[in-house]
Amino acid sequence: MRLIIALILGVTLVSLASSWSDVQDDKEALRRDLQYKAETFGESLASNAELYLASGDTGKLEQLVRRFSNRDHLLGIGIYDHDGSTLVMTRELGSLLSGAPEALSSALSHDRPETRFTRLRFRRVYLLAAPLHAPDKSIIGGIVIVYETGYIRTEIFRVWGRVFIRIAGQVLVIVAITLLIVRWSVAGPIARAAQWMKTLRTGRQVVQPPSKDLDFLLPLAREMAPLAESMQRARAAAEIEARLRNTNESLWTAQRLAEHVRSKLDGSSLFVVSNREPYVHNWQGNTITVTVPASGLVTAIEPILCACNGTWVAQGSGSADAETVDNHDRLQVPPDDPKYTLRRVWLSAAEEEGYYYGFANEGLWPLCHMAHTRPTFRASDWEFYNAVNERFADALVEEMAGERDPVVLIQDYHFALLPRMIKDRIPHARVAIFWHIPWPNPESFSICPWQRELLDGLLGADLIGFHVQAHCNNFLSTVDRVLEARVDWEHFSVKRNDHWSSVLPFPISVELTEDSSGLPLDHSFEEERSAIIGELGIDATFLGVGVDRVDYTKGIIERFQAVESFLERHPRYQGKFTFIQIGAPTRSNIPRYAEFQREVESEATRINDRFKRGKWRPIVFLNRQHSHKEVRRYYRAAHVCMVTSLHDGMNLVAKEYVAARSDDRGVLILSRFTGAARELRDALIVNPYDIQGTGQAIARALEMDVTEIVDRMRRMRKMVKEHNIYWWAASLIGELCELRLKR
Ligand code: F6P
């Protein structure tokens, strides 16, 4: 209704404004017309009157005045002598004028005609006064001619009448057209969008909003589409939850984890610390792109932080990271749907060199992985490690300011000193650290010159998590051996300086859903295999796959040698079996890594040169970073996946392979020195140092009866499904939040 009133007022005002000047023009034209008529009439009347006046013939003057007095709109004529006395005058004019009008006096004194639009006794008139001359041009009298002008007013009223009728017509037409347009192009799409939202709310399977004719609602539609998707995902997850609850099963999902953590935290704020950040901003030409590192940690931690609006503190490592934070080095993420805070900590090149490349990766990494690479401990690296842990402690303390009961989850060996630093400054914080790599036996650990400081730093935490019980036991033995502390072997905890730390296993995992193979519905596993063989330009019947960072702990060279041994002992597979190694470059600033990269390349070349024939090669080494999606294609295509780490905390490749095999096919060959080997008992467990034994496992995998393959894979999938990444995060945070209640 308001729209209609506004429209009527608007159109009326615009039409009135444009008609106003037309009407004024009409009025001016009528007045000009009257002036012209009066002037020509006055001139012809004056020339006759001058003749009769000069001869003093008043009778003729009267006749003259009478003869002309009945013209249209003429009110009267008056003739005066030179001093303004009336000589002759029509009767009606006589009743309006008392004496000579002022215009006549002015005309006589200036000897020129005078005109006026004026009023005579309330009548609107046009008055013309002019001098009358003798033949010698002397003034002998004057003439006054008066027209009534009321008809001009009447005519203008008539014009306004017509204008109003026209405006009313225009208003009607414009309002009608506008209403039709609104109905067709606004109300219609809005009604359809509303219908779509209703359908969505009531749970029918529509995800995309109706894009047809939604042009001007497009920005809204763009926002609504992700909203719709999240709603549908949430509903689907809730339905699965409900179904599982009904069947007494209990699968952990991102939603269930979020709920669980919300209730465990009970209003406390959660802070996560890791060296790697979950979102990296980089310049690409003139634009900033954002990437999510292919890390299982982001999958697990993100739903928790999203659920409780927490804070993730990590090193800013992207080329455009500094441009995307606010004055406090914070930004809201995920970028598309911000739900938690990412706080970036900036490290100098020297700090990164000493803390990350130096102490963490040339010291602690080889120390904890018994892979026969000698750890290097430099005092300068140790100082940087301390300084960077302090930097992160400062950032955390800043973020936790004013928090009632903060909960802190520290990730990995980069931050062994951080738990103590936090506890010293905020004793009421609940602190956990999860150590993602193995913990060696006390003898091995004792070569570290700063073993006491590292252990003391870790024991600042209320909870210390490892992947497997064996690593917990090694840690407790190390503490027992090195520090003054009471180790409680019954409850797997340590008391040092009146503070208890629980030391428990939390085996990390991946997400496994029925579609986590990522395979398009119209694409079979065999088709994927042929596609990959085609893309690589090789001939092969059987494929094996390995996926690793090119790290000396992963047993890549032993794996290649196992392939060589297998082909030697089972020559019928020459020309048929190809092993694809996806190897992501890593930590290449460290000389041992650069050297290892060359060793892997030359070992692949040596074995290929020995066996290759035609388009077939035994080993394909794809030496670049691959996305999760790309890697999943290889998992689906491979008959066998090889994980031959010399030592590994868990190894998620083993679990990712199992998660990708929704066809229940594929055989996993798994090193007994991985954490995963304790859970995936249906893999073919090998000692990677036993090259021939591992080669035999390849043969066994390729020749395994299909029912055995299916049975083994099903059991492994069940294990990963029930103990997935969300279960890991839920157990860790649940345990941390309950610690004080227990004591
Ligand atoms: O295995 C320990 C770990 O820190 C993982 O969490 C991570 O995926 C991997 O090492 C690689 O770490 P980065 O590339 O950050 O050195």
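Here are four short exercises with worked solutions on the structure above.

This is a predicted model, in which local features need pLDDT of at least 70, side-chain atom pairs count only at pLDDT 80 or more, and totals for chains, interfaces and linings use all residues. Residues are numbered from 1 along each chain as its sequence is written, and side-chain values use heavy atoms, with hydrogens and water left out.

**Exercise 1. The ligand shell**

Find which residues are around the ligand, and how the shell divides by class.

Solution. Start with the list, where a residue counts if one of its heavy atoms lies within 4 Å of the ligand. This gives Arg276, Tyr356, Trp365, Asp412, Tyr413, His436, Ile437, Arg549 and Arg587.

Next, sort them, with Ala, Val, Leu, Ile, Met, Phe, Trp, Tyr, Cys and Pro as nonpolar, Asp, Glu, Lys and Arg as charged, and the others, Gly among them, as polar. The shell has four nonpolar, one polar and four charged residues.

Then look for polar contacts, which are pairs of N or O atoms within 3.5 Å. A ligand oxygen is 2.4 Å from a side-chain N or O atom of Tyr356. For Arg276, a polar side-chain atom lies 2.7 Å from an oxygen of the ligand, and for Arg587 the distance from a side-chain N or O atom to a ligand oxygen is 2.9 Å.

Finally, take the cover: of the 390 Å² of accessible area that the ligand has on its own, the protein covers 70% (Shrake-Rupley method, 1.4 Å probe).

**Exercise 2. The second largest pocket**

Work out which element gives the most to the lining of the second largest pocket.

Solution. A pocket here is an open set of points on a 1 Å grid over the protein atoms alone, where a 1.4 Å probe fits, with protein on both sides within 12 Å along at least five of seven lines; lining residues have an atom within 4 Å of a point. The volume, the space filled by probe spheres set on the points, is about 320 Å³.

Of the 15 lining residues, Lys27, Arg31, Arg124, Ile152 and Arg153 are the closest to the centre. Helix H1 (2-55), strand S3 (114-120), strand S4 (123-133) and helix H5 (150-201) each give two or more residues (DSSP runs, at least four residues for helices and at least two for strands). H5 gives the most, with five residues.

**Exercise 3. A hairpin**

Find the bridge partner of Asn282 in S8.

Solution. S7 (residues 280-284) and S8 (residues 287-291) pair in the antiparallel sense over five bridges, where pairing needs at least two DSSP bridges. Gln284 is matched with Thr287, and Asn282 with Thr289.

**Exercise 4. An uncommon peptide bond**

State which form the bond from Val333 to Pro334 takes, cis or trans.

Solution. Most peptide bonds are trans. The bond from Val333 to Pro334 is cis, with omega near -5 degrees, and Pro334 lies in the loop between S10 (330-333) and S11 (340-345).

Methods:
Polar contact = N/O pair within 3.5 Å; in protein donor to acceptor, adjacent residues only side chain to side chain.
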